[in-house]
Amino acid sequence: MSARPVHLDFIEQPRRRSVAGLLASVTALACLLATAYWAQSLGDEAQGLELRLAALQPAATKDGASAERQGRVSAALQAAIGELNTPWSELLGDLEAATKDSHDDIALLAIEPDREHGNLRLAAEARSLPAALAYVQRLQHCATLRMPVLDHHEIQVKERERPVRFQVTARWSAAR
């Protein structure tokens with residue numbers, strides 16, 4: 001009885017690339033390019049608004065009515081720029097992730113932003129008070145929110161399941 005010879009190959013053979021991996025890479029690259037184009041167009045739009053504001057500056061110094069009009073235009077432009085700088089996609093993504101982590105114990109009822117002060121008020125409903133408190137704790141770990149605080153809660157005694165309605169206030173940073 002003789003043993004078969006053992007062949008050891010210590011050099012790893014190169015792996016073949018899969019079609020699925022290549023398609024995923026191409027899709028990711030296309031998404032990256034689309035996002036970069038969208039960000040550039042938003043930057044161009046903001047720059048155009050700033051140029052329009054600068055063009056209106058000399059006209060506003062002629063009389064008092066023009067100064068009042070300029071103030072209104074300036075406020076509208078500042079509001080538009082603030083809207084463009086609000087990190088809505090990140091903010092809503094964090095809220096969605098925190099809500100999904102609750103395993104259907106939380107229903108987000110309302111989102112009220114206060115862009116001027118950078119505050120956000122959330123109205124939600126939970127199956128229980130511990131679920132509401134756990135949701136506030138999850139919000140404390142969101143990257144876009146700072147200092148989420150449970151403002152108010154109320155147990156709905158007239159409803160059969162006795163859900164808890166609550167409000168949370170948090171701050172967010174418009175310039176990330």
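Select E125 first: it stands opposite R165 in strand 4. The model on screen is predicted.

**Stop 1: the E125–R165 pair**

Show the side chains of both residues. E125 and R165 form a salt bridge, with the closest N and O atoms 2.7 Å apart. This pair links distant parts of the chain: E125 belongs to strand 2 and R165 to strand 4, 40 residues apart.

Now add E159. R165 also forms a salt bridge with E159, and here the closest N and O atoms are 3.4 Å apart. E125, E159 and R165 are thus linked in a network of salt bridges.

Is R165 buried or exposed, or in between? R165 is partly exposed, at 35% relative accessible area. E159 is partly exposed as well, with 34% relative accessibility.

**Stop 2: the strands**

Switch to a ribbon view. Select strand 2 (119-126) and strand 4 (164-172). Strand 2 and strand 4 pair in the antiparallel sense, over eight bridges.

Next, select residues 106-114, which make up strand 1. Strand 1 pairs with strand 2, again antiparallel and over eight bridges. Pick P113 and look across to strand 2: its bridge partner there is L120.

Follow the chain from strand 1 into strand 2. The two form a hairpin, with four residues between them. Stop at G118 in the turn, where phi is positive, about 75°.

Then select residues 145-155, which are strand 3. Strand 3 and strand 4 run antiparallel and are joined by eight bridges. V149 is a good place to look: its bridge partner in strand 4 is T169.

**Stop 3: the nonpolar core**

Select L95, I106, L120, Y135, L139, L145 and F166. They have the most contacts inside the largest nonpolar core, which has 19 residues. Helix 3 (88-100), strand 2, helix 4 (129-139) and strand 4 each supply at least two residues of this core. Which element gives the largest share? Helix 4 does, with five residues.

Keep L120 selected and show what surrounds it. Leaving aside residues up to four places away in sequence, L120 touches L91, L95, I111, E112, P113, L145, V168, T169, A170 and W172. P113 in that list is also the bridge partner of L120. L95 and L145 are, like L120, among the core residues with the most contacts.

**Stop 4: a salt bridge within helix 3**

Move to helix 3 and select E96 and K100. They form a salt bridge, the closest N and O atoms being 3.4 Å apart. Why look for a partner four residues on? E96 and K100 lie four residues apart in helix 3, so about one helical turn separates them.

Compare their surroundings. E96 is partly exposed, at 45% relative accessibility. K100 is exposed, at 60%. In the whole model, the count comes to five salt bridges.

**Stop 5: two backbone angles**

Most residues other than glycine have a negative phi. Two residues deserve a click against that background.

Select M147 in strand 3. M147 has a positive phi of about 50° although it is not a glycine. Its side is open to view: M147 counts as exposed, with 59% relative accessibility.

Then select R162, in the loop between strand 3 and strand 4. R162 is not a glycine either, and its phi is positive, about 55°. R162 is partly exposed, at 45% relative accessibility.

**Stop 6: helix 1 and the segment before it**

Select Q40, found in helix 1. Q40 is partly exposed, with a relative accessible area of 47%. Add T144 and draw a distance between the C-alpha atoms. Q40 and T144 are 104 residues apart along the chain, and their C-alpha atoms are separated by 22 Å.

Finish in the segment before helix 1 (19-60), where V6 has its place. Select V6 together with L8 and F10. What do these three form on the surface? V6, L8 and F10 form a nonpolar patch, with about 420 Å² of accessible area together. V6 itself is exposed, at 73% relative accessible area.

Technical notes
Residues numbered from 1 in each chain as written. Predicted model: local features only at pLDDT ≥ 70, side-chain atom pairs only at ≥ 80, totals over all residues. Heavy atoms only, no water. Patch = residues over 30% accessible without salt bridge, like charges linked within 9 Å, V, L, I, M, F, W, Y side chains within 5 Å. Areas by Shrake-Rupley, 256 points an atom, 1.4 Å probe, with all protein chains shown as cover. Salt bridge = Lys/Arg side-chain N within 4 Å of Asp/Glu carboxyl O. Buried < 20%, exposed > 50% of the residue type's maximum accessible area, 1.4 Å probe, protein only. Core = buried A, V, L, I, M, F, W, Y, C linked by side-chain atoms within 4.5 Å. Contact = heavy atoms within 4.5 Å. Pairing = 2+ DSSP bridges.
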